[in-house]
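Q: I'd like a close look at one part of this structure, please. Start from a single spot and work outwards.

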Amino acid sequence: MLQKLTRRDFNKLLLSGVAGSALGLFGKSNTAFASTKRVVVIGGGFGGAAAAKYLRKLDPSIAVTLVEPKAIFYTCPFSNWVLGGLKTMEDIAHTYTVLKNKYQINIVSDVVTSIDVTKGTVKLKSGNVLSYDRLVVSPGIDFKWDSIGGYSESVANSKMPHSWHAGPQTILLHKQLLGMRDGGNVFICPPANPFRCPPGPYERASLIAYYLKEHKPKSKIIIFDAKENFSKQELFKKGWERLYPGMIEWRSSAMGGKVSRVDAGAMTVTTEFGVEKGDVINVIPAQKAGKIAFDAGLTDATGWCPINPVSFESTIHPGIHVIGDASFAGAMPKSGFAASSQGKVAAAAIVRLFQGKVPAAPSLVNTCYSLLAPKYGISVAGVYKLTVEGIVEIKEAGGLTPINADDDQLREEALFAEGWYKNISLDTWG
Amino acid sequence: MVLKLGIRLAVCALSLMVIATGSGILSAAGRVSSKPEGQVHSQKAEFNPRGQVLALSCTSCHGTDGKSAGIIPSIYGRSAVYLETALKAFKSGARYSTVMSRHAKGYSDEELRLISEYFAMISHNHK
């Protein structure tokens with residue numbers, strides 16, 4: 001419907017006072033000039049932790065409670081480095097100590113079981129209830145277990161890990177790789193779009209190849225993809241030819257890549273082209289917004305949460321901001337970096353809304369580094385702004401590492417990848 | 001559908017208002033900085049909210065307040081002139097970078113100025 005509007009019509013609507021009513025979208029606190037400023041944040045990942053920290057940093061008069069069941073948060077970024085033997089689990093572990101002590105955030109180790117949008121409360125598994133003036137929901141992803149026949153949570157926890165939540169799943173896949181025979185076949189089965197970390201499966205293939213090349217050089221990796229193309233494709237393919245010739249095979253969806261079934265007992269995957277047996281099978285299922293987003297009615301038919309891109313406030317439930325992978329943020333990918341950027345934009349918007357002011361126009365950014373080998377890094381960057389079409393990528397900016405980048409530049413990108421991880425971790429949890 | 005359209009339009013309307021608000025505050029900030037220097041140093045300068053939102057993007061790689069812990073250069077402590085010159089050189093491609101030019105091209109010269117002013121102001125306020 002929007003497409004039928006001309007810019008002139010759009011401007012007319014602006015002048016006729018739609019702008020005034022826009023303020024109503026921001027919920028009760030805005031008009032009430034809330035006497036209390038209590039924000040509850042659900043989820044302590046890149047989005048939630050960054051939102052909590054920046055709320056306190058930008059306005060210390062806001063009381064912030066962060067609800068996160070895990071005492072230690074393992075990041076998905078750099079978990080592939082663990083699989084390649086380049087980092088340890090300790091290297092990707094983060095705690096909430098600094099957020100608690102330095103930023104005075106109330107850390108609650110619990111699980112939110114329900115949200116009462118009318119009363120403005122969240123109920124916890126322990127039975128406790130927290131009241132909020134504004135709520136930030138950053139639950140990340142959940143899996144569509146039924147997207148591949150024969151796959152389930154128990155299969156993931158025993159035979160075929162997804163390793164798309166870092167932690168025990170990373171350790172399981174790592175153990176399987178360490179235990180595999182030389183000459184074994186590793187299968188990686190990425191889902192169709194959209195999913196968390198678009199370049200992730202291909203960085204994973206690269207760093208598993210790095211490990212295998214050194215320790216089990218007769219082995220092979222086959223990527224059974226549900227897609228026809230993938231993030232940074234040409235850069236990855238060029239890198240694989242240079243670093244791991246003949247070791248990584250990528251099969252597109254149409255060329256027998258789409259996995260319809262798995263058999264955990266027989267360790268096989270079924271595609272249109274037949275049944276194949278693997279030694280280590282990493283199934284990354286299709287994804288949707290985290291459970292609490294569904295339970296609270298924050299999702300739409302897409303399985304993700306529609307939001308107002310100025311403040312990341314839900315277009316379904318005012319007063320609740322949804323950030324990170326669970327939100328539908330226009331052209332932005334689902335990445336830790338994007339989540340962190342959104343968390344900060346939402347925090348700045350909430351601060352302004354509590355003051356009864358209009359939030360500043362958002363500016364969002366994403367940078368994803370992928371490592372192919374210790375001295376071989378590539379990146380994709382994007383700068384995003386708000387337009388009539390929602391959050392769009394600025395065409396003149398962003399893009400990939402040049403395909404003809406020389407070895408010095410690839411080495412620099414690998415170094416910056418480490419620098420990036422250090423700083424974004426500190427910007428989020430430190 | 002109508003409701004959805006209304007919301008989308010309202011959001012866009014808001015963003016335009018927001019830009020207007022930003023520039024109002026900007027001119028106020030301009031007046032502050034034209035005061036004699038002693039007076040400026042005696043008080044904490046106010047942030048331009050648009051500059052703040054723009055600058056928050058930088059801290060993911062350059063560290064909170066622009067204080068980097070690793071190989072990526074710190075922004076903190078640099079003057080507005082230094083930062084603006086560097087950002088414009090990245091934008092034009094005059095200065096070599098791996099990723100900075102890809103970022104800098106996403107901002108108008110005015111936005112690069114706001115980012116530079118914001119980090120310079122943080123450094124000033126912490127003194």
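Which element gives the largest share of the lining of the largest cavity, and how many residues does that element supply?

A: Happy to! The largest share comes from α11(A), with four residues. Keep in mind that this is a predicted model, in which local features need pLDDT of at least 70 and side-chain atom pairs count only at pLDDT 80 or more, while totals for chains, interfaces and linings use all residues, and side-chain values use heavy atoms, without hydrogens and water. Residues are numbered from 1 along each chain as its sequence is written, with chains lettered from A and ligands numbered from 1 in the order in which they are written.

Let's begin with the cavity. The term means a set of points, on a 1 Å grid over the protein atoms alone, where a 1.4 Å probe fits but cannot get out; lining residues have an atom within 4 Å of a point. Points are joined across faces, edges and corners, and the volume is the space filled by probe spheres set on them. Searching the whole structure gives three cavities of 30 Å³ or more, and the largest has a volume of about 60 Å³.

Its lining draws on both chains: A:Val310, A:Val345, A:Ala348, A:Ala349, A:Arg352, A:Pro359 and A:Ala360 are joined by B:Pro49, B:Gln52 and B:Val53. Two helices, α11 (336-354) of chain A and α3 (49-56) of chain B, each supply at least two of these residues. Helices here are DSSP runs (H or I, at least four residues), numbered from the N terminus. By type, the lining has eight nonpolar residues, one polar and one charged. In this count Ala, Val, Leu, Ile, Met, Phe, Trp, Tyr, Cys and Pro are nonpolar, Asp, Glu, Lys and Arg are charged, and the others, Gly among them, are polar.

Now follow each helix away from the cavity. A:Lys344 forms a salt bridge with A:Asp427, with the closest N and O atoms 2.7 Å apart. (A salt bridge is a side-chain nitrogen of Lys or Arg within 4 Å of a carboxyl oxygen of Asp or Glu.) This pair ties α11 of chain A, which holds A:Lys344, to helix α12 (residues 407-429) of chain A, which holds A:Asp427, across 83 residues. Both partners are buried, where buried means under 20% relative accessible area, exposed over 50%, and partly exposed in between (1.4 Å probe, protein chains only).

The chain B helix has a salt bridge as well: B:Arg50 and B:Glu111 meet at 2.6 Å, N to O. B:Arg50 sits in α3 and B:Glu111 in helix α7 (residues 109-126) of chain B, 61 residues apart. B:Glu111 counts as buried because its relative accessibility is 18%, and B:Arg50 also counts as buried because its value is 17%. Across all chains, the search finds 22 salt bridges.

Finally, back to the helix you asked about. The largest nonpolar core has 131 residues, and those with the most contacts inside it are A:Ile115, A:Val122, A:Ile221 and A:Trp240. α11(A) gives the most to this core, with 10 residues. Such a core is a set of buried Ala, Val, Leu, Ile, Met, Phe, Trp, Tyr and Cys residues joined through side-chain atoms within 4.5 Å. So α11(A) gives the most both to the cavity lining and to this core.

Terms used:
On a 1 Å grid over the protein atoms alone, a cavity is a set of points where a 1.4 Å probe fits but cannot get out, and a pocket is an open set with protein on both sides within 12 Å along at least five of seven lines; lining residues have an atom within 4 Å of a point.
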